[in-house]
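Hi,

Here's the structure I promised to pass along. Have a look at it first, and my notes on what turned up are underneath.

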Amino acid sequence: MDVAVSQLDSSRTAHVQLYRSVRLRALETDPDAFGSNATRESAFDDETWQQRVAGFAGRPGAIFVARLAAALQLPATAATAVGVVGIGEAGGPGDALLWGMWVAPTARGQGVSAQLLDAAHAWARDRDVATITLWVRRTNDPAAHLYARAGYREIDPSANGVAEPSGCHDEACMRLAVSAG
C-alpha cells in the first residue's frame with residue numbers, strides 16, 4: 001500500500017481536525033484496543049484536541065498520520081487516513097511513550113504500522129531518547145507481534161519504574177532501546 005506518513009502540526013486547524021476524526025474512527029472501529037472510548041473523547045473540546053496534537057501530557061510529543069499517497073492532493077480527512085500513532089516524552093529522562101497506534105482494517109498487513117513506527121522512532125532518535133515504552137492489550141496478538149518484530153521486549157513495569165496508565169487493564173508493558181541513527 002502506497003502511503004505517506006506525516007507529522008501533524010497543532011497550529012493547523014485542519015491537522016487537529018484530522019487527528020480528531022482519525023482517533024474517533026479508531027476508537028469506534030476497535031473499542032477494545034484502547035484505554036479510552038469514543039463517547040469520552042468525542043466530548044473533548046477543540047483545545048484538548050489541539051493539546052493532544054501538540055504534545056503528550058504537557059510534554060513534547062508528536063502525532064503521525066499515514067495517508068493514502070494517491071489522496072495527498074485532496075483535503076486531509078479521516079477517509080484518506082489509514083493509520084495514526086502518537087509518541088511523546090515520558091516522565092523519566094530519555095524515555096518516550098508510544099501510544100494510540102491504529103491502522104484501518106483495510107490497510108492492515110500492508111506495512112502501514114511499520115511506517116508509522118519508523119516515523120515515531122526517528123522522532124525519538126532526533127531527541128536523543130534512549131527508550132520507548134508502550135502498553136499493548138494482551139489479547140491483541142497482531143500488535144504485540146508487530147512491536148516484537150520492531151525490537152520491543154516485554155518488561156516488568158514495576159521493576160523498571162514504569163507507572164501503569166489509568167484505564168489500562170490486562171496490558172503488557174513493552175520497551176525498545178533506541179539506537180542512535
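Helices here are DSSP runs of H or I with at least four residues, and strands are E runs of at least two, numbered from the N terminus. With that in hand, Asp128 sits in the loop between helix H4 (112-126) and strand E6 (131-137). Bear in mind that this is a predicted model.

What caught my eye at Asp128 is the backbone: its phi is near 55 degrees, a positive value in a residue other than glycine. Most residues other than glycine have a negative phi. Asp128 counts as exposed because its relative accessibility is 69%, and the cut-off for exposed is over 50%.

Ala57 has a positive phi too, about 50 degrees, and is not a glycine either. You'll find Ala57 in the loop between strand E2 (55-56) and strand E3 (59-68). With 59% relative accessibility, Ala57 also counts as exposed.

Then there's Ser36, in the loop between helix H1 (13-29) and helix H2 (38-42). Is Ser36 buried or exposed? Its relative accessibility is 12%, so Ser36 counts as buried, the limit for that being under 20%.

The Ser36 side chain also has polar company. One polar contact goes to the side chain of Arg40, at 2.8 Å, and another links the side chains of Ser36 and Glu41, at 2.8 Å. Leaving out residues up to four places away in sequence, Ser36 touches Arg23, Leu27, Pro31 and Glu41.

Over to you, and shout if anything is unclear.

Cheers

Methods: Residues numbered from 1 in each chain as written. Predicted model: local features only at pLDDT ≥ 70, side-chain atom pairs only at ≥ 80, totals over all residues. Heavy atoms only, no water. Buried < 20%, exposed > 50% of the residue type's maximum accessible area, 1.4 Å probe, protein only. Polar contact = N/O pair within 3.5 Å; in protein donor to acceptor, adjacent residues only side chain to side chain. Contact = heavy atoms within 4.5 Å.
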